[in-house]
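Me: Please take a close look at the part of this model that surrounds the ligand. I would value one connected account of it, with a word on the other local features that can be described.

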Amino acid sequence: MIKRRDFIKLLSSAGVGMTAAGWSGFAAADKRRTTSAAAAVVPTIAGVKGRVVVIGGGMGGATVAKYLRMWGGTGVDVTLVEREPVYTSNIMSNLVLNGQRTVQSLQYGYGNLANKYGIRMMQGNVVAIDPVGRKITLADGTLLAYDKLVLSPGIDFETVPGLETAEAQAKVPHAWKAGQQTTALRNMIAAMPNNGAFVMSIPAAPYRCPPGPYERACVVADWLRRNKPGARVIVLDANPKIMAEPNAFLEGFALHGIQYYTNAVIDHVDTGSMSVYTNLGRVDANVINVIPPQRAGAVITDNGLADVGGRWTGVNVLTYEANHIAGVHVIGDASATTQPKAGHIANQEAKVCADAMVRAFAGKNPDPSPVTNSSCYSPITADTASWLTAVFGFDAATGTMKVVGGAATEAASRSKDNYEEMLKWFNTLMSDSFA
Ligand SMILES: Cc1cc2nc3c(=O)[nH]c(=O)nc-3n(C[C@H](O)[C@H](O)[C@H](O)COP(=O)(O)OP(=O)(O)OC[C@H]3O[C@@H](n4cnc5c(N)ncnc54)[C@H](O)[C@@H]3O)c2cc1C
């Protein structure tokens with residue numbers, strides 16, 4: 001069995017060679033090759049050999065690529081295919097809405113993955129997966145063969161009636177994939193009149209980042225309270241209750257005077273009159289932020305890999321191999337597990353997956369009792385935050401990851417200290433995935 005201490009020992013070995021990674025289209029600053037840096041962190045390990053393609057360079061994909069090289073060594077050839085030139089973090093993106101961050105401050109390049117870890121980076125959009133022939137196809141026709149495939153494409157959205165067109169979506173942005181829409185939503189909030197209404201909706205679970213929408217409501221309401229007298233925040237939640245950190249958010253909602261409605265299901269949105277029609281009635285708004293229902297990234301649903309409700313991929317949580325597709329592993333938001341759809345958990349799943357793959361390449365079985373943890377900090381005001389954390393352990397009886405101790409732990413109250421800790425946690429997590 002390959003033990004963690006062996007990996008650590010091997011990580012310290014110097015003078016290891018690396019393969020020159022291929023390149024196509026990433027930012028110029030990322031194009032340098034520093035093979036000596038890779039030599040310092042990518043060991044040579046006899047008997048570990050394999051070829052992995054990773055689709056999606058986000059929280060799950062970047063982490064699995066990096067740890068496959070760190071733990072598997074030079075014998076594990078890793079190609080990471082990502083359609084964007086840089087990654088934009090969703091984590092902390094609610095702070096763009098109150099002007100505390102910019103989208104640019106949340107961007108991470110792929111230079112370290114290429115230069116330090118010798119990962120072959122390819123910019124492209126994967127359109128087809130052939131699990132039998134073990135190859136994938138990019139939109140430009142490029143074919144890539146693999147021994148093992150990792151999919152971490154994140155989410156895509158169901159269509160909300162009234163928001164089918166690009167024009168309607170520009171008027172009512174979801175801003176649930178950080179980027180241009182996040183800045184657009186910030187600008188709409190900043191332009192709201194005094195006494196205006198910001199109406200947002202939360203889809204039925206499961207969705208990306210359980211506390212995220214409630215955090216958004218608090219951050220926006222906090223800013224409006226200080227900058228737009230009389231403005232209101234109205235939250236239409238399709239769920240029967242707050243889905244994470246209820247104590248912190250109920251306190252935040254009371255503090256900010258947020259109007260919160262449960263079991264509120266959207267029928268359609270009229271972008272002409274800026275009205276949301278729900279089972280509870282019509283709500284008029286100055287700014288509407290509908291967070292649509294979600295499913296795994298299109299590369300999964302389009303290729304028939306979503307076996308859970310037609311939306312997510314069921315996996316073996318010892319390896320993250322898809323239950324019905326040999327050689328295809330799915331991590332992060334796109335997989336269906338008992339763990340939350342969160343960046344911290346995507347990072348953890350990536351490590352369990354990388355470890356299991358390296359063991360498999362060495363002819364070994366996966367770790368029979370993996371442990372993961374999830375941490376989430378939620379800003380409630382511009383300088384206070386709350387947190388939620390849980391440790392998950394493998395439960396052999398059910399084959400699932402179960403919360404150790406039975407329940408997640410929530411901060412006793414929001415505080416300025418928590419806010420400071422949040423920034424440290426964020427930087428540490430992003431470094432673990434991208435640096
Ligand atoms: C507002 C907000 C706040 C959040 N806050 C937190 C938080 O505080 N803590 C936390 O843990 N999580 C948080 N999250 C959740 C977190 O962002 C996600 O859970 C995490 O990003 C999931 O990682 P992933 O790898 O599955 O997907 P992503 O990080 O979204 O990465 C997917 C990548 O795949 C690429 N891709 C997709 N399809 C293809 C294709 N066909 N070809 C090539 N590339 C492709 C995409 O471009 C993208 O870069 C938050 C989310 C939001 C929206």
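Reply:

**The shell around the ligand**

Domain 1 (4-156 + 295-365) and domain 2 (161-292) each contribute at least three residues to the shell around the ligand. The model is a predicted one, and the description below should be read accordingly.

In total, 35 residues surround the ligand, a residue being counted if one of its heavy atoms lies within 4 Å. The closest are E82, Y87, S152, R208 and D333. Sorted by class, the shell comprises 15 nonpolar, 14 polar and six charged residues.

Several elements of secondary structure take part. At least two shell residues come from each of α3 (59-72), β2 (76-82), α10 (343-361) and β23 (371-379). Of the contributors, α10 gives the most, with three residues.

Individual polar atoms can also be placed relative to the ligand. A polar side-chain atom of Y87, which is among the closest residues, is 2.6 Å from an oxygen atom of the ligand. At G60 it is the backbone that is involved: a backbone N or O atom of this residue is 2.9 Å from a ligand oxygen atom. N125, by contrast, faces a nitrogen atom of the ligand, with a polar side-chain atom at 3.2 Å. Taken on its own, the ligand has 1,000 Å² of accessible area, and the protein covers 96% of that area.

**The loop between β11 and α7**

The loop between β11 (197-202) and α7 (212-227) contains P206, and the peptide bond leading from A205 to P206 is cis, with omega near 5°. C209 lies in this loop as well. Its phi is near 60°, a positive value in a residue other than glycine.

**A three-stranded sheet**

A further local feature is an open sheet of three strands in the order β14-β15-β16, paired in the antiparallel sense. The edge positions belong to β14 (266-270) and β16 (281-284); each has a single partner strand, so one side of each is left without a neighbour in the sheet. On average, neighbouring strands of this sheet are turned by 20° against each other, direction ignored. Strands of a sheet pair through backbone hydrogen bonds, in either a parallel or an antiparallel manner. Here, the antiparallel pairing of β15 (residues 275-278) with β16 extends over four bridges. As one point of reference along β16, R282 is the bridge partner of Y277.

Technical notes:
Residues are numbered from 1 along each chain as its sequence is written. This is a predicted model: local features need pLDDT of at least 70, side-chain atom pairs count only at pLDDT 80 or more; totals for chains, interfaces and linings use all residues. Side-chain values use heavy atoms; hydrogens and water are left out. Two strands pair if DSSP finds at least two bridges between them. Axes are lines fitted to C-alpha atoms, for helices over the stretch in contact, and angles run from 0 to 180 degrees between N-to-C directions. A polar contact is a pair of N or O atoms within 3.5 Å; within protein, one must be able to donate a hydrogen and the other to accept it, and residues adjacent in sequence count only if both atoms are side-chain atoms. Accessible areas come from the Shrake-Rupley method with a 1.4 Å probe; for residues, only the protein chains shown count as cover. Ala, Val, Leu, Ile, Met, Phe, Trp, Tyr, Cys and Pro count as nonpolar, Asp, Glu, Lys and Arg as charged, and the others, Gly among them, as polar. Domain bounds come from an automatic or database domain assignment.
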